[in-house]
Amino acid sequence: MTAGRADPIGVDAPGAAAPVGRDLAQTLVFAGTLLLAAFLLFALQPIFTKRVLPVLGGTPAVWSVATVVFQGLLLAGYAYAHAMTRWLSLRASVVVHGLVLLAGSTFLPIAVATEAGAVQGGDEALWLVGLFLASVGAPFFALSASAPLLQAWYARSGNPRAQDPYFLYRASNLGSFAALIAYPLAIEPVFGLAEQTRLWSAGYALAAGAVAACALTVLGGAHSRGPVAVTPEVACAAPSLARRLAWVGLSAVPSGLLVAVTAHITTDVAAIPLMWVLPLALYLLTFVITFRPLATWPERPLAAVQVAGTAVVLGAAIIGRLPFAADLPLSLGLCFVAGLVAHRAVYRLRPAPSRLTEFYLCTSLGGMLGGLFAALIAPRLFSAVAEYPILLVAALACRPGALVAPRFAAGAALRRLSVSLAGVLAGATGLALLARFASEAAPSVAAAIMMTILLLSWRAPRAAFGRAALFCALVLAMPLLSAQDVENRRSFFGVHRIETDPQGRFRLLAHGTTLHGAMRIREDDGRPALGRPEPTTYYATGHAIADVLEVARNAYGPLPRVSVVGLGASSLACQARPGEAWTFYEIDPEVVRIASDPTRFRFLSACAPTARIVQGDARLTLARATEPTRVLIVDAFSSDAIPMHLLTGEALALYRDRLDAQGVLALHVSNQHFDLRPALARAAAEQGLTLLQRIDAIDEPIERRYRMRAMVVIATRDPVITREAERLGWTRVAPDLTRRPWTDDYANVLEAFLDLMRLRLGGGLAAGH
């Protein structure tokens, strides 16, 4: 009977029960510790990112940078664990890691580091990296080293299961997955940020104690147990450079795709934990599924889904963006399938346990490089979100056989290369002609042709990869082939698209799926549009936002000062009247450049040339304002998403304090995914304010004059303002005092989503972009 293992029958080996019990207990302690450490790590990500989010205007890029920082800290932790297991004895590594955990505890409770200073325009990403490292770098690093280090300790424990300790990685990822699911559904709706940080600190202390318990079980039995047996399945020599690069590359692609998909879906909904954790939870679930021995693996079904999904996404990128209801499951599904394919390939290449920490170091390096490319490098390289289609195509290369070609004769290779080049040249020439003479049809035709070719080649990995790469190049080249005037401006806060409508009558400014401005450049008869631009989109005369100004003027006369949070194309500036002093607050320097350029949009230069523009997050810049304003309009959007920190009780209190005695506060709350009025009514009641609402009615196609419906609310405690607003068609929103009011410490966006669902099921209509 093998030492330390019970006899299969279990009746003739009375001395075996105790060792088996100890083995099981030890395994459970290690698995539980790894699960707890991972739970804390991945709970810390949304906790601290949510705390930092208001400083940078609620942009989705904050989460992208946070993901890269945490991946970098994981890499540092894995490198530290690898060095410990390679150069230190077991006892010495236990002592050193205990000191590291103790050092991390000195940064608790977690808080935003004040020594980071103020953010500088244009350096937001680098500033954010420094802020994360200074604030939570030490405790995160201490816990991040636990996964590989504890697995290495377990591999040296002599436990019968230590011959293949990779199953513990599944326990670690299960803890990460649990944290990501629990945070938006159970933690965020119940606990405020202050309570969350206190609970996290207690969890850190518990995890440190659990690590100590693991160390005791190993130190107490490591010297009395036999050597670790290595099965032929996982035995291997020192890994080659090619295998190490494979570990890195196969880990980089799904990691980069995770960041790209998260930015893709949060741009239009909101930069909130609920939307952050969905793709990350699915990403971690792929490790739980793939890091285990499996008799069979559904390789062909996964390949079919991956190729078909990639074809649809790339086709939609040419034609136009998919509806969010279709885009969300498709993007998440592709990210999940790509992770399954790549991580299964990584698992198949795993080394013997003696090389475990090196393996995790390489996979962590790949994860960081993928995230670094998607979050920090790609925004500087591409004016559009090109990293998403690029990484989708790269994910096809993770399929077995995609990059390893069978041997064939040189003549055959030359013939195949010639045919491929001829096909590319013919296709490019045809598309160029199509784009020149039938620009509206070109995207649809190109998408249909390329999607068909790609779908027909899904059975051949190399063919699918090569054609998808050509397809991706086509996606990126379509703006160059198209005759339509399109210009992309990219900043830390997103991609702003300046284009001309198909009839050539309006210049448009869009961010994501949302139109942020439209200016007429030609009359319907083709003559150039001259003179003062007419306000369009949500700011047209007679619409709700413009009538906020009329409410204030009718109640108390001319407006001495008007303040607007959110600049866009500056359409609202053309509602200004002589003698009024206007100030715009805008966080994105690229938006300021676009709106201030009269060759792009003339609203500001023609209607309010003396208007002042204050750059920075509105909560911070308004807090420094010294002069009161008569009207304050909060109209800040990232695509269709409203930064949530602009809607809390503290935000309303700040806005109220910046108004003069006759002031009017208005908020533009149009949204396709949330009904924000109940939450705002409750927060307004907490501040002693009455909330009134108005929803525009549009009875003509948007393309006719680019006038769009808006949902706007006014918050006031002045009966004169209330009466005048009601006279112009505004209605009161009754607050539900049973709700917990939104604050900087607590905001339940899941509740706002359910409010919208109830409204739609009840036959109501919520205005959206």
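**View 1. Arg344 and Trp297 in the predicted model.** In this predicted model, the charged end of R344 sits over the ring of W297, at 5.2 Å from the ring centre.

**View 2. Arg350 and Tyr347.** A second charged end, that of R350, sits over the ring of Y347, with 3.9 Å to the ring centre. Y347 also belongs to a cluster linked by ring pairs, together with Y78, W247, Y283, F287, F291, F359 and Y360.

**View 3. The F291 and F359 ring pair.** The chain holds 16 aromatic pairs. In one of them, the ring centres of F291 and F359 are 6.3 Å apart and the planes meet at 40°, so the pair is tilted; the tilted class covers angles that are neither under 30 degrees nor over 60. The two residues are 68 positions apart and link distant parts of the chain. F291 lies in the loop between α9 (273-290) and α10 (299-319), whereas F359 is in helix α12 (residues 356-381).

**View 4. Burial of the paired rings.** Are F291 and F359 buried or exposed? F291 has a relative accessible area of 2% and is therefore buried, the limit being under 20%. F359 is also buried, at 0% relative accessibility.

**View 5. The chain as context for the close-ups.** The secondary structure consists of 25 helices and 12 strands. Of the 769 residues in the chain, 56% are buried. Among contacts with a separation of 6 or more, 77% are between residues 24 or more positions apart. The accessible surface of the chain is about 31300 Å², and carbon and sulfur atoms account for 63% of that area.

Conventions:
Residues numbered from 1 in each chain as written. Predicted model: local features only at pLDDT ≥ 70, side-chain atom pairs only at ≥ 80, totals over all residues. Heavy atoms only, no water. Phe/Tyr/Trp six-rings, centres within 6.5 Å; stacked < 30°, edge-to-face > 60°. Helix = DSSP H or I, 4+ residues; strand = E, 2+ residues; numbered from the N terminus. Buried < 20%, exposed > 50% of the residue type's maximum accessible area, 1.4 Å probe, protein only. Lys NZ or Arg CZ within 6 Å of the ring centre and 35° of its normal. Contact = heavy atoms within 4.5 Å. Areas by Shrake-Rupley, 256 points an atom, 1.4 Å probe, with all protein chains shown as cover.
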